[in-house]
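Biologist: I am new to this structure and would like a close look at a single part of it. Could you take me slowly through the second largest pocket and what lines it, and then add a few words on the surroundings you find worth describing?

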Amino acid sequence: MTDSTQIFLILGLTLAAFAWGRFRYDLVALSALLATTLTGLVPASEAFLGFGHPAVITVAAVLVLSRGFERSGLVDVIAEQTLKVGEQLVWQVLVLTGTVLVLSALMNNVGALALMLPVAMRMAREHARSPSLLLMPLAFGSLLGGLTTLIGTPPNIIISSYRAAQTGEAFGMFAFSPVGVGVALAGLFFIVLLGWRLTPRREGQASADELFDTAHYLIEMRVDEDSKALGWSLRELQAALEEPVPVLAVVRDETRRAGHAFMGKLEVGDILLIEAGPDEMKLLEDKAGLRLGAEPDGTADGTADEAGDDGSDASGKEVSANVAASEDAGDGAEAGVADADGEQKPPRRLDPEGLQLVEAVVRNDSMMIHRTVVQLRLLNQHGLHLVAVARDGARLKQRLRDIRFRAGDVLLLQGDEGGLGESLAILGCLPLASRNLTLGQPRLLVLSLAIFALAIVAMLLDWMPAAVALSTAALASLLAGVLPLREAYQAIDGPVIVLLGAMLPVGQALDTSGGAALIADQMLAMGRDWPVVATLTGLFALSMLLSNVINNAAAALLMAPIAASLAKGFDVSLDPFLMVVAVSASCAFLTPIGHQSNTLVMGPGGYRFSDYWKLGLPLSLVVIVTAIPLILWVWPL
């Protein structure tokens with residue numbers, strides 16, 4: 001079996017694994033690296049040199065600098081101004097998409113989207129509008145913004161490094177800007193004027209209460225003298241139920257304690273505020289002997305009088321306790337409590353002091369993917385209660401313990417306010433709750449911008465290579481206190497680093513084995529009677545389609561050797577072919593799996609897999625029609 005046949009077989013299996021999505025892309029990339037090493041396509045002594053490649057170091061440095069911008073308050077200042085836009089949907093789309101486009105030019109595009117996503121959700125809720133109209137344009141805007149600078153997206157960094165290896169000179173910081181800015185503006189105008197109309201309207205999802213129907217599932221159950229749970233701790237209660245039924249609060253003597261913070265034993269008269277459906281309610285009655293309602297006669301006690309006027313929690317969500325009915329009450333309506341005259345009183349409302357509910361979306365690199373709440377031990381290890389899960393815009397009705405999480409799932413979680421942020425970061429979740437903007441210190445804001453500006457100047461004047469300049473800037477940010485060391489390590493996206501480090505030698509093997517030349521020869525044979533621009537367009541379309549199936553960095557790594565072989569076969573300049581790969585690999589608009597930005601908005605926007613191409617296909621055509629002439633004008637053959 002020839003070397004080229006072996007590399008095609010390995011790459012075919014690798015692409016199939018990427019598309020399947022059963023295993024994380026970093027594991028797939030590492031498997032491809034080891035396969036090429038074991039078959040001798042990559043020398044064992046060079047197998048792990050990719051992890052020290054300048055492209056990998058540059059990506060890591062950019063991720064650290066991006067987190068520094070967030071912590072210094074730069075993005076909060078921008079977001080605060082963004083929220084002042086009016087009620088017109090067109091202006092909202094323009095401001096949100098334009099803002100994330102600019103941010104993506106200066107920082108990692110996934111990081112830019114993660115910072116603006118809560119702002120878009122808040123804007124949708126304040127104007128009673130479905131977030132589905134805002135989130136897909138926001139995600140696509142983050143991809144377009146990444147085209148404009150060297151550090152905007154990993155494919156640009158990869159292509160720059162590949163050019164340096166081929167010609168001895170890398171693309172500069174703003175070498176991508178003439179083409180990237182033109183394509184980004186064309187895409188922005190299309191999205192704002194027409195594109196947003198092609199997004200689906202998922203009504204009723206702007207509110208967390210509507211999405212999760214929280215009020216219809218929160219119930220009160222009391223501990224009586226004959227309750228089996230008398231004298232149990234909440235841990236013992238969970239063990240007896242064999243179900244992760246969230247106890248959100250325990251009320252004793254008009255004092256409320258958050259469920260995750262209650263460490264005592266249950267006593268007679270204790271009221272448990274529980275997230276439960278009919279099945280869980282029956283389980284609580286049968287196995288724990290708990291009774292529905294705060295008092296045996298069904299009347300409200302003084303606890304209700306202590307409730308807040310609006311019955312809302314710290315994040316503004318209304319938390320109501322239905323003391324007499326479950327979701328079987330009919331049409332989802334809350335049932336009241338009958339008084340002595342048989343008249344219906346409105347349901348009681350508890351002041352949920354100490355409760356903090358937060359929505360979060362599961363990221364592509366989350367440790368939660370394909371695991372259950374029991375396997376993750378959310379309560380014991382992270383201090384979090386899982387209250388509900390929504391997928392594809394609808395709340396999942398199956399038992400919480402049986403749900404295996406997927407990227408893009410929206411979770412409703414409860415936990416200690418002080419530890420929520422750290423727990424979500426460890427789990428790999430992005431909070432979606434209404435963003436309370438906390439402006440950073442002015443000194444840190446100015447300092448972070450100054451450090452970044454010096455790094456850009458060093459790159460422009462060729463004082464330092466990009467990897468060295470940006471790494472120096474990242475180190476300076478840490479030494480100046482802009483970013484704590486722990487957060488810097490958290491900012492580095494481990495799966496992306498492993499993907500890059502593993503796929504770089506695999507991409508080189510495609511070149512050294514002759515595989516890239518074989519593919520280029522076939523494309524040359526088919527395009528022999530056509531102008532070079534036709535082959536460029538075909539390369540653009542092929543690379544764009546590939547990026548919709550696999551990670552964009554992997555697409556750039558695989559297509560760069562093919563582009564170089566095509567340029568050599570036509571005996572023309574290498575630059576326009578490399579620019580075609582750089583732009584096309586970053587334009588994954590057709591599927592939710594092509595880029596992390598697309599996946600992140602899938603759950604909050606309630607999108608389906610088939611929704612993306614409706615806006616993505618015409619946007620892809622706009623990109624091709626704009627990019628090819630610009631590339632040939634700026635980088636002539």
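Modeller: What follows begins with the pocket and then turns to a strand and to a group of aromatic rings. Please keep in mind that this is a predicted model. The second largest pocket has a volume of about 720 Å³, and 26 residues line it, with Arg235, Gln238, Pro244, Leu379 and Asn380 lying nearest its centre. Several elements contribute to this lining, since at least two residues each are supplied by helix H11 (234-241), helix H13 (373-376), helix H14 (378-382) and strand E9 (384-391); the largest share, 4 residues, comes from H11. By character, the lining of this pocket divides into 15 nonpolar, 6 polar and 5 charged residues.

Turning to strand E4 (residues 271-275), one finds that 5 of its 5 residues are buried. In a regular strand the side chains alternate between the two faces of the sheet. In E4 both faces are covered, with Ile271, Leu273 and Glu275 buried on one side and Leu272 and Ile274 buried on the other. Strand E2 (residues 247-252) runs antiparallel to E4 and is joined to E4 by 4 bridges, and Val247 has Ile274 as its bridge partner in E4.

As for the aromatic rings, the model holds 6 aromatic pairs, and one aromatic cluster is formed by Phe171, Phe176 and Trp635. Phe171, a member of that cluster, also has Arg163 over the face of its ring, at 4.4 Å from the ring centre.

Terms used
Residues numbered from 1 in each chain as written. Predicted model: local features only at pLDDT ≥ 70, side-chain atom pairs only at ≥ 80, totals over all residues. Heavy atoms only, no water. Phe/Tyr/Trp six-rings, centres within 6.5 Å; stacked < 30°, edge-to-face > 60°. Lys NZ or Arg CZ within 6 Å of the ring centre and 35° of its normal. 1 Å grid on protein atoms, 1.4 Å probe; cavity = no way out; pocket = protein on both sides within 12 Å on 5 of 7 lines; lining within 4 Å. Points joined across faces, edges and corners; volume = space filled by probe spheres on them. Nonpolar A, V, L, I, M, F, W, Y, C, P; charged D, E, K, R; others polar. Buried < 20%, exposed > 50% of the residue type's maximum accessible area, 1.4 Å probe, protein only. Pairing = 2+ DSSP bridges.
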